[in-house]
Every structure is written in C-alpha cells, then in structure tokens.
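The exercises below ask for features that can be computed from atomic coordinates. Each task is followed by a solution in steps.

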Amino acid sequence: MLNAPRNAVPRLVVAAPASGCGKTTVATGLMAAFAGRGLAVSGHKVGPDYIDPGYHALATGRPGRNLDAYLCGPGRIAPLFAHGSAGADLAVVEGVMGLYDGASGEGELASTAHVAKLLKAPVVLVVDASSQSRSVAALVHGFASWDPEVRVAGVVLNKVGSARHEELLREALGGSGVPVLGALRRAPVVRAPARHLGLVPVAERRADAVESVAALAEQVREGCDLDALLALARSAPPLDGAAWDAAAEVTAEEVARPSEGARPVVAVAGGPAFTFSYAEHTELLRAAGAEVVPFDPLHDETLPEGAGGLVIGGGFPEVYAPELSENEPLRKEIATFQGPVAAECAGLLYLARELDGKPMCGVLDATARMTKNLTLGYREAVAVADNVLAVAGTRVRGHEFHRTTLEPGAGSEPAWGMVRPERRVEGYARGNVHASYLHVHWAAVPETARRFVAGAARRQGTAR
C-alpha cells in the first residue's frame, strides 16, 4: 500500500493580538523580502478577505490564496494549502483579526489559531509596541500560553519608537521563552491607503502598490532576522494527505461536463471595479471544461467573443458607478445576455437598474445605493429552488461584506434562504441569473462550477 502524499513546504503564520497591529505589513514584507532572495514564496490569507491576497500576489508573483475554515470546512484547509503552495520554497500565512478570534459564536472555528493548528505551523506574533514597554512580556506570555496546541514561536515588534524603546522591549521579553525575531520602526510612508472596506486593492493603484510592497520588503529586511524566520518555517512538520485538485473535484457526474470539442467561453469580470475573486473559482471553471476569458466592464464595450456564461464577482462598483454607467454598449449587451450569469455583491449591484442614481445593466428590477452601515459576517444559506448554480436544498456557507443596500433585497425567486444568523430570503435567482450579496467559496461546493459550465455549454451550443 502506497503511503499518503506529504506536504513539507516550510511555513509560518503571521498573527497578532488584534487587528491593526501590522500583520499585513509584516506578512507582505516577509513575502517580498524572501522572494527578493530568490525563493519561491506562496502567500495565504486566513479568512474571506479578497484585498490582502492581491498584495501577496504582488509580493510573490504567485496567486494569493485564502484559507477559510468556515467557508470551506476545516478538512479542506490543509489540502487547499498544499495546492496553493505546490512548488514553493516557503509559505507565509497572514492571519485575521486577533490570533484567537474566530467565527462569532463558533469558538475557535476559522480563527488564525485554528488554521495554524490545522497546518501544524509555527506562529509569529506581531505586537504593536507603540504604547508599551515591559508590559509586552505579559501580553506575549498570555498569547503563547493560552492554547498549548498553538506554537507561538517568535515575536516581531512593530511601531517601535526608538533604539532605547527597542532595548526595553527586548529586555522585557528576554525571559519569556519567545524570541524576538524582528523590530520595525514607525514608518508611515509605507502605509497603503484605505477606504470604507479596507485597503485599496492593488488593481486600483498598481504602480503605487509596487512601490509600497518594495518599501515593506526593505523595512522587513532591515528589521527582521530573515535567517531565523526561515529556520522557524522549516521546523514545521510535514502535512499528510493529498493536495486539493480542481480536476478531481469536478469529475462527479451530477452535472455532465461539456465535451472537449465544445469548451464554452465563460467571461469573468475584472479590472479595478471587480477585484474580488478566489483563485480556485477560475481553476474549477477550467477544470469543468470552460475557457475562462477576463473582461473589464470599465473599458470593454462588448463581452468576450462567443461568451456562453458570465461571472461578475465582488469589488467596488460604487466607486466607479459613473464610469460603469457610461459604458452603455456593454450594459445593453449584458441586459440581453441569454447565458447563465453568476453575480456576487458588486456583480449584484451592477445588474441592478441603477446604483446611486446611475443607470446600470437593468437585469434586476432593483435599485442600489451606498449607506453608512456596514453589513459584515458569516452566513449559512440554502438554495430555495433549482437555479443556475445549485439545486434546491443545497446548503452553503458564505460571507457578506458591504456598505450598500438593494431595494428590494430579494426577488420573487430569491437566490438564497438565509438560515443563520437570521432567517430571511436574499438575492435573485430567476431564469439564467443568480445574483446575491453572499460570497461563497466554490472549493466547498464544486458542483457550482460543474452546473454553471454545463449551462454555459448549452447556451453556447444553442447560439451556434
């Protein structure tokens, strides 16, 4: 009997006591610094965040990957990690919120600590030291001892004020048993700009983002012991089990795959207005038999030639509403498109009749507008009827993250029936359209890709 495959990619998790301590700064800087040494570096992000992986991709030259134990289930974390880090010399995993903060009411589920345990990875704790000295030892001791299964193996001190301040911090941590692996001075020049949903995505500021990542790499090179951090990453034990494989996920027969001679074209919205997508979605679409062709609704006046399906993911259409509205030829083409359409959050808004008073595609008889209220959190939902993505009764876990509202919030044939944390219907699923605020990770429900591609193949065959 053959032994199960083992993944031995060196890895470490970058965590913090709370949000705002500098996880993205340190994680992205480490990725870029090690890549600058000639290492193949794989970047990962705990949780559903779409923006940080864009900076990771810029730092590493590889797709940024998400590891979300709520959306995908704990059992998929190690396989997804093995898939994303294949061929890498080092993997750096950026945490989410505080080290032990998980899905609300679910204990450790989906926390950075949970993912670190699933990956058997050492944790580097990034501490905002700007307003403390000796107290840092109590803080680090508490986090290191809270869960004996979590190996807090090093500290990076961030926002250090001076050489004397650093000396006091190192002295306090000297007997903690957790080594200081870096100390970064306050450097506002390398801060990335933010707005209502976090950092501004790379696609909207690529030239500036390249400079920011280079500055982060230099800051980390100067302030961190890269050799010690690499040695720590190499101390992680091998992970047992096979890597996640998109092709294997779409071999089931619930939805027939198109023949090789009829690969349907699936157009996927991109550009600055639509930057939110998990890398595995495209991989699943291709594995299911599609030819995936990106397009930019800000500039492209037509859909890709021969498009049989249309995917419009998340992003910031509210920022670009005037420009999206001005592209009337594309809006009209989408309004009459007959193939399957899958739209999430930003895509939902783009399909509406109008957004903040600007005409959109008019596929949905609804209007959207920006608000001051943030809708945020994990959700559980069920498909209430057969649609282009799922059969009735399909249960999914998703995530909402927006400051917009849609009126009405659901059509006569809703996309989902929400079951947790509250019961309600949401979105639109009529005919060939599925549009919802809910972000779903298709790696957890690969039949979504199979079903969608089969629908695109039928549409493309009809159009010939």
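**Exercises with solutions**

**Exercise 1. Surface, overall form and conventions.** State how much accessible surface the chain has and what part of this surface belongs to carbon and sulfur atoms.

Solution. The chain has an accessible surface of about 18,600 Å², and 51% of this surface belongs to carbon and sulfur atoms. Accessible areas come from the Shrake-Rupley method with a 1.4 Å probe, and for residues only the protein chains shown count as cover. The model is predicted: local features need pLDDT of at least 70, side-chain atom pairs count only at pLDDT 80 or more, and totals for chains, interfaces and linings use all residues. Residues are numbered from 1 along each chain as its sequence is written, and side-chain values use heavy atoms, with hydrogens and water left out.

Next, compare the radius of gyration with the globule rule. The radius is taken over C-alpha atoms, and the rule is 2.2 Å times the number of residues to the power 0.38. For 464 residues a compact globule would have a radius near 23 Å, and the chain agrees because its radius of gyration is 23 Å. Along the principal axes, the C-alpha atoms fill a box of roughly 70 × 60 × 45 Å.

**Exercise 2. Composition of the fold.** Give the number of helices and strands, the buried share of the residues and the share of long-range contacts.

Solution. Count the elements: the chain has 15 helices and 24 strands. Helices (H or I, at least four residues) and strands (E, at least two) are DSSP runs, numbered from the N terminus. Then take the burial: 56% of the 464 residues count as buried. Buried means under 20% relative accessible area, exposed over 50%, and partly exposed in between (1.4 Å probe, protein chains only). Last, take the contacts (heavy atoms within 4.5 Å). Of the contacts with a separation of 6 or more, 75% are between residues 24 or more positions apart.

**Exercise 3. A salt-bridge network.** Which residues are linked with E380 in a network of salt bridges?

Solution. A salt bridge is a side-chain nitrogen of Lys or Arg within 4 Å of a carboxyl oxygen of Asp or Glu. By this rule the chain has 22 salt bridges. Begin with the pair R397 and E380, whose closest N and O atoms are 3.2 Å apart. R397 lies in strand β19 (residues 395–407) and E380 in strand β18, so this bridge ties together parts 17 residues apart in sequence. E380 also bridges to R420, with 3.3 Å between the closest N and O atoms. R420 is in strand β20 (residues 416–420), so its bridge to E380 in β18 joins parts 40 residues apart in sequence.

Now add the burial. E380 is buried at 10% relative accessibility, R397 is partly exposed at 27%, and R420 is partly exposed at 40%. The network links E380 with E106, R397 and R420.

**Exercise 4. A bridge between loops.** Where are the two partners of the D365–R353 salt bridge?

Solution. The closest N and O atoms of D365 and R353 are 2.2 Å apart. D365 is in the loop between β17 (358–359) and β18 (367–382), while R353 is in the loop between α14 (346–351) and β16 (354–355), 12 residues away. D365 is exposed, with a relative accessible area of 60%, and R353 is partly exposed, at 40%.

**Exercise 5. Burial of a helix.** How many residues of helix α2 are buried?

Solution. Helix α2 (residues 51–60) has 8 of its 10 residues buried. Among them are I51, Y55 and L58. Just after α2, G61 takes a positive phi of about 80°.

**Exercise 6. Backbone angles.** Locate the cis peptide bonds at P408 and P421, and the positive phi values of K159 and D356.

Solution. Start with omega. E407 and P408 are joined by a cis peptide bond with omega about -10°, and P408 is in the loop between β19 and β20. R420 and P421 are also joined by a cis bond, with omega about 5°; P421 is in the loop between β20 and β21 (424–426).

Then take phi. K159 has a phi near 60° and is found in strand β7 (residues 152–160). D356 has a phi near 50° and is found in the loop between β16 and β17. K159 is partly exposed at 25% relative accessibility, and D356 is partly exposed at 36%.
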